[in-house]
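Biologist: I am new to this structure. Please take me through the terms and how each one is earned.

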Amino acid sequence: MRKYIVAGNWKMNNDLTETQSLLKALKHETNSGNAQVIVAPTYVNLYPAIEVLKDSDIIVAAQNMHQNASGAFTGEISAAMLKGIGVTTVILGHSERRAYFYESDELLAQKVDTALSNDMRVIFCFGEELADRQSGNHEKIVESQLRNALFHLSANQWSKIVLAYEPVWAIGTGETASPEQAQDMHAFIRKVVGGKYDATTADNVTILYGGSVKPANAKEIFSKPDVDGGLIGGAALKAQDFFEIVNAF
Ligand code: PEP
């Protein structure tokens, strides 16, 4: 049975004090739904986040990591460093990493391998741009992103993969894919995974939707059978909004 997840990607927001106070507020919210809750603060606040959340079910994830184990990579963070402070989930391939830091599918394949060889769980983001959707190429693009970055994995390794379909045109824009568009793409993704692997792998993989999810639209999007939760940006920065989304499950 696949897991339901609601993950908050805080991006480059919240200093130490803001991180601690948002997390304390999150701890006081009640998770009355079925979803596992994940928060991804910026690197320097990961350890303080782990400390604040010690006695909570909320899981702390990193927003990125380097593909190499160690070495002369100024400014970068390794899987072992994350694991050393207790972070075992990492977001990879976010569209902002792809756009601003030129992360390619090939690089992401390496990052995925590094994460998995360190026994980390990966939330793998992918999705088409507006022009791809307008030209009707969205499925082709999504399929190639999956193929290039993930299809070298064995079926067993997929137990550590969470997919996050995030149409780029819906991220931070206020524009959301309709619940039907999300469902159609999630069903397509599951079909592609099933075609490459098998029905069990396809059925077990959690597929999150990301792109301007808010308390007002979460319930409808999450009601779709192939949508197993959300990756939330802007609305994850307010405890009450985030938990309204969590409890939409
Ligand atoms: C994101 O950055 O992954 C995201 C979905 O952002 P937002 O919810 O703000 O669109």
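Modeller: Start with the word pocket. On a 1 Å grid over the protein atoms alone, a pocket is an open set of points with protein on both sides within 12 Å along at least five of seven lines, while a cavity is a set where a 1.4 Å probe fits but cannot get out. Lining residues have an atom within 4 Å of a point. Grid points are joined across faces, edges and corners, and a volume is the space filled by probe spheres set on the points. By that reckoning the largest pocket has a volume of about 400 Å³.

Biologist: What kind of model is this?

Modeller: This is a predicted model, where local features need pLDDT of at least 70, side-chain atom pairs count only at pLDDT 80 or more, and totals for chains, interfaces and linings use all residues. Residues are numbered from 1 along each chain as its sequence is written, and side-chain values use heavy atoms, with hydrogens and water left out.

Biologist: Which residues lie nearest the centre of the largest pocket?

Modeller: Lys11, Met12, Gln63, Arg97 and Phe101, out of 14 lining residues. Helix 4 (residues 95-100) gives the largest share of this lining, three residues. Helices (H or I, at least four residues) and strands (E, at least two) are DSSP runs, numbered from the N terminus.

Biologist: How does the lining of the largest pocket divide by class?

Modeller: Six residues are nonpolar, five polar and three charged. Ala, Val, Leu, Ile, Met, Phe, Trp, Tyr, Cys and Pro count as nonpolar; Asp, Glu, Lys and Arg as charged; the others, Gly among them, as polar.

Biologist: What lines the second largest pocket?

Modeller: It has 16 lining residues, with Trp158, Ser159, Ile161, Asn204 and Thr206 nearest its centre. Strand 6 (161-165) and helix 9 (199-204) each give two or more residues to this lining. Helix 9 gives the most, three. The space in this second largest pocket is about 290 Å³.

Biologist: Now the helices. Why is helix 10 called roughly parallel to helix 11?

Modeller: Helix 10 (residues 215-222) and helix 11 (residues 239-246) pack at about 15°, with axes 8 Å apart. Axes are lines fitted to C-alpha atoms, for helices over the stretch in contact, and angles run from 0 to 180 degrees between N-to-C directions. Angles under 35 degrees count as roughly parallel, over 145 as roughly antiparallel, 65 to 115 as roughly perpendicular and the rest as oblique. Therefore helix 10 is roughly parallel to helix 11.

Biologist: Which residues make the contact of helix 10 with helix 11?

Modeller: Pro215, Ala218 and Phe222 of helix 10 meet Asp241, Glu244 and Ile245 of helix 11. Contact means heavy atoms within 4.5 Å. Four of these residues are nonpolar, none polar and two charged.

Biologist: What makes helix 5 and helix 7 oblique?

Modeller: The axes of helix 5 (residues 105-117) and helix 7 (residues 138-150) cross at roughly 45° and come within 7 Å. The two helices are therefore oblique to each other. Their contact includes Leu108 and Val112 of helix 5, and Asn148 and Leu150 of helix 7.

Biologist: Why is helix 1 called oblique to helix 11?

Modeller: Helix 1 (residues 16-28) crosses helix 11 at roughly 40°, and the axes come within 9 Å. That angle makes helix 1 oblique to helix 11. Leu22, Ala25 and Leu26 of helix 1 touch Ala239, Phe242 and Phe243 of helix 11. This contact has six nonpolar residues, no polar and no charged.
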